[in-house]
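Open the model in your viewer and keep the selection box handy. We will go from stop to stop, with something to pick at each one.

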Amino acid sequence: MASSSFGKKLKRMFKKSKSSKKTIKGREDAAADEMYFSCSESFDDAGEEAKGINRRFSFGNNKKKELANVQPDESKGLKELHNIVVTSEQKEMLKKVIAKDPKLFDSNGHMEESRVLSGRSLEIFERISSRNGGPIKEEDFDPQVFVRHSRVAIENNPTKTIEEQIEYMRNQLECIRDWRGRLGADSALRDYEKIPNQKEYFDLWPLHIHGNDAYGHLIFVEKIAEVDVDYLKTIMTVEEALHVRMVCHEAIAELKKRQSEVLDKVVYKHIWVMDLADIKWSSFTHDVRDALHKILKMCIEQYSDTLYRIIMINTPVIFRMVYKGASLVIKPATRKKVRMLGPTKHPATYEAFRKLGVTRENAPPCAGGTNKGVDILDLVQMYSKEFKR
């Protein structure tokens, strides 16, 4: 059995259901294909889109942030992120999502990520966490990491025996523990200023958090054309850039925990949106492709099962070639979450978000929405200031 302190932490993650009905089995990966354009489908306007991306791919034009004047704890946008409100419109949209894919939800309207472990995933969890004195120690991890990986062990190895799944999970956790220890992940938010060239990274690789879908998944957006890779590679290695990127994911994880408290259910997944507007072939240099591959690999390996959807908008035909290479490091379960959409102004682009339960007020502009988003640096600074108190 897991230790009592660890068990208490785990119980706080999930609210006990008042209903004793057996939950309906299902996974988010079974979502209907019509929600998005398939990665294998061609775009009706692909030719027109290819002609429309001739604008110059600019570098180094981002205005430097005046960090000394930032007061993130007083930001209206940050307050709205933490005081998440589910509107009546979103509730109605969620009903439609549930009606469309009822197998993804239990009788309480909860997806798998919001449920307590059961069946084989619970057995894997208990056997891993009860190995006192073994290589995996409970205190080395957030309880949520154990929960996620108990599910990932099955998802990534559906035909393997439970012993093989446990061994897979143990190896994954050892790698994560070593990686987090090497980069100082547990104190990264508090001490982010100590990371070399972090200011330059945030200036040259802007990232924003927008609204949430009807279930509560936050929307994380980056516009690839705004990334100044040419200059970044002159001041830091890809590994150093990933170190700063890790801080961003730690901030997102912290935000999701706080939003879960407001939502009264665990929501540990998010929607990652890449806006590919203004991209042309010359933009996809080896350095750009290498950086994107390694970021994706880090997300999959170090933050397993935290991606609900990966959505690419304004997707040029050439990007499918880049994705083909990147997909080699992606497990089949994750590949099912990837969707490529056409131009922002195409009606089907926002329609894909609407079917996910995203209102225009929560959708980013690149998806046809009106949510301006919050710079992730503001979020990092807010948590840093808070954790130093």
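Which residue is the bridge partner of Met312 in β5? Select Met312 together with Met340: Met340 is the partner you are looking for. Before going further, please keep in mind that this is a predicted model.

**Stop 1: the sheet**

Now widen the selection to β4 (307–313) and β5 (338–340). These two strands run parallel to each other and are joined over 3 bridges. Next, bring in the rest of the sheet, which is open, has 6 strands and shows mixed pairing. Reading across, you should meet β5, β4, β3, β2, β1 and then β6. Colour the two ends of that row, β5 and β6 (374–375): each has a single partner strand, so one side of each has no neighbour in the sheet.

**Stop 2: a helix across the strands**

Add residues 347–356, which form helix α14. You will find α14 lying across β3 and β4, and its direction makes an angle of about 170 degrees with that of β4.

**Stop 3: two aspartates in loops**

Select Asp305, in the loop that links α11 (286–302) to β4. Then select Asp264, in the loop between α10 (238–263) and β3 (270–275). Asp305 is not a glycine, yet its phi is positive, near 65 degrees. Asp264, also a residue other than glycine, has a positive phi near 65 degrees too.

Buried or exposed: which word fits Asp305? Asp305 is buried, because its relative accessible area is 10% and the cut-off for buried is under 20%. Asp264 comes out as partly exposed, because its relative accessibility is 45%.

**Stop 4: the largest pocket**

Rolling a probe the size of a water molecule over the atoms reveals where empty space remains. Here, the largest pocket has a volume of about 630 Å³. To find its centre, select Asp142, Arg180, Asp186, Glu250 and Lys257, the closest to that point among the 29 lining residues.

Which helix gives the most to the lining of this pocket? Show α10, which contributes 7 residues, the most to the lining. Then add α6 (143–155) and α7 (162–183); like α10, each of them supplies at least two lining residues.

To finish, colour the lining by class: you should see 12 charged, 10 nonpolar and 7 polar residues.

Terms used
Residues numbered from 1 in each chain as written. Predicted model: local features only at pLDDT ≥ 70, side-chain atom pairs only at ≥ 80, totals over all residues. Heavy atoms only, no water. Helix = DSSP H or I, 4+ residues; strand = E, 2+ residues; numbered from the N terminus. Buried < 20%, exposed > 50% of the residue type's maximum accessible area, 1.4 Å probe, protein only. 1 Å grid on protein atoms, 1.4 Å probe; cavity = no way out; pocket = protein on both sides within 12 Å on 5 of 7 lines; lining within 4 Å. Points joined across faces, edges and corners; volume = space filled by probe spheres on them. Nonpolar A, V, L, I, M, F, W, Y, C, P; charged D, E, K, R; others polar. Pairing = 2+ DSSP bridges. Contact = heavy atoms within 4.5 Å. Axes fitted to C-alpha atoms, helices over the stretch in contact; angles between N-to-C directions.
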